[in-house]
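Me: I'm just starting out with protein structures, and I'd like a close look at one part of this one. Could you take me through the charged side chains that pair up, and then follow them to whatever surrounds them?

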Amino acid sequence: LVNVDLSKGVEVEPGFVFYDDPATAAVPFAIDVNLIDVSLDQETVTSYYCRVFTNPDPMQVVAYEAVWNDGTTLASETAPDYLHHEMLMHCPSDPVNMQRMDGKPFDCFDDMLACDIVFNHAKSGLVQAPPGTSIKMDSGVFVLQVHYDNTYHVPILNDNSGLRLWVLPDEQARLSESGNIVTHVGAIDTIRIPA
């Protein structure tokens, strides 16, 4: 899950790049979700920037990690000091202001969105789901949020920070979808599958 051929990226929309085709991929592949060209005043310490995007199809994510600039991750170098954390949020009831649907990053420090957090990452390298499991990422409206903590007052110019998601190909995703058992009985001694 480490090597990505950045020349094979297909930009579905600005800042949303697929590195393989879910329908034909044979192994988990990368998808980058990034802010686009964020430049910040170096005197400002704390900044939160967000970007709204639409995920066209549900996916099964097996791992995720921070990504910045031209596709760099912790596998090859240390994260910039100013990068505090990244979150990816799903907005199932679509509370996002439609003016923000243009894909451009916006300052969301005073306007935090009330969406469900799906992925949260903070300077820890690759985060993997336990073997044989995955994290479902529904289709619909999502918000990427990046928290900049610029305590050293370095210039932040044209930053493209975000998350790299490692996604199962469609065929593998169908085989690994998890299910729920719901019972309406108070106490059950055993459940056997298959019955």
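Reply: Let's start with Lys136, which is partly exposed, with a relative accessible area of 49%. Exposed would mean over 50%, so 49% still leaves Lys136 in the partly exposed group. Keep in mind that this is a predicted model. The side chain of Lys136 meets that of Asp138 in a salt bridge, at 3.7 Å from N to O. Asp138 is partly exposed as well, at 33%.

How many salt bridges are there in total? The count comes to 3, so let's visit the others.

One of them joins the side chains of Arg51 and Glu13, again at 3.7 Å from N to O. Arg51 sits in strand β5 and Glu13 in strand β1 (residues 10–13), so this pair ties together parts that are 38 residues apart in sequence. Is each partner buried or exposed? Arg51 is buried, with a relative accessible area of 0%, while Glu13 is partly exposed at 23%.

Then there's Arg164 with Asp32, whose side chains meet in a salt bridge of 2.7 Å, N to O. This pair links distant parts of the chain, with Arg164 in strand β14 and Asp32 in strand β3, 132 residues apart. Buried means under 20% relative accessible area; Arg164 has 2%, so it counts as buried, and Asp32 has 3%, so it does too.

Arg164 has brought us to β14, so let's stay there for a moment. Why can we call this strand largely enclosed by the rest of the structure? Because 6 of the 6 residues of β14 (residues 162–167) are buried. Now look at the strands it pairs with. Strand β3 (residues 29–34), the home of Asp32, pairs with β14 in the antiparallel sense over 6 bridges. Here Ile31 stands opposite Leu165 in β14. Strand β6 (residues 59–67) also pairs with β14 in the antiparallel sense, over 6 bridges, and Ala66 stands opposite Leu163 in β14.

Here's a handy background point: in a regular strand the side chains alternate between the two faces of the sheet.

Ala66 leads on to Thr72, which is found in the loop between β6 and β7 (83–90). Leaving aside its neighbours within four places in sequence, Thr72 is in contact with Ala66, Val67 and Glu77. Its side chain also has a polar contact of 2.9 Å with the side chain of Asp70. Although it lies in a loop, Thr72 is buried, at 11%.

Let's go back to β5, the strand of Arg51, and leave charges for rings. The structure holds 6 aromatic pairs. Phe53 and Phe142 make one that is stacked, 5.8 Å centre to centre with 20° between the planes. Phe53 lies in β5 (residues 46–55) and Phe142 in strand β12 (residues 140–149), so the pair ties together parts that are 89 residues apart in sequence. Phe53 counts as buried at 1% relative accessibility, and so does Phe142 at 0%. Together with Phe16 and Phe18, these two rings form one aromatic cluster.

Finally, zoom out to the whole chain. Its secondary structure comes to 1 helix and 14 strands, and 42% of its 195 residues are buried. Of the contacts with a separation of 6 or more, 81% are between residues 24 or more positions apart.

How values were computed
Residues numbered from 1 in each chain as written. Predicted model: local features only at pLDDT ≥ 70, side-chain atom pairs only at ≥ 80, totals over all residues. Heavy atoms only, no water. Buried < 20%, exposed > 50% of the residue type's maximum accessible area, 1.4 Å probe, protein only. Helix = DSSP H or I, 4+ residues; strand = E, 2+ residues; numbered from the N terminus. Pairing = 2+ DSSP bridges. Phe/Tyr/Trp six-rings, centres within 6.5 Å; stacked < 30°, edge-to-face > 60°. Polar contact = N/O pair within 3.5 Å; in protein donor to acceptor, adjacent residues only side chain to side chain. Contact = heavy atoms within 4.5 Å. Salt bridge = Lys/Arg side-chain N within 4 Å of Asp/Glu carboxyl O.
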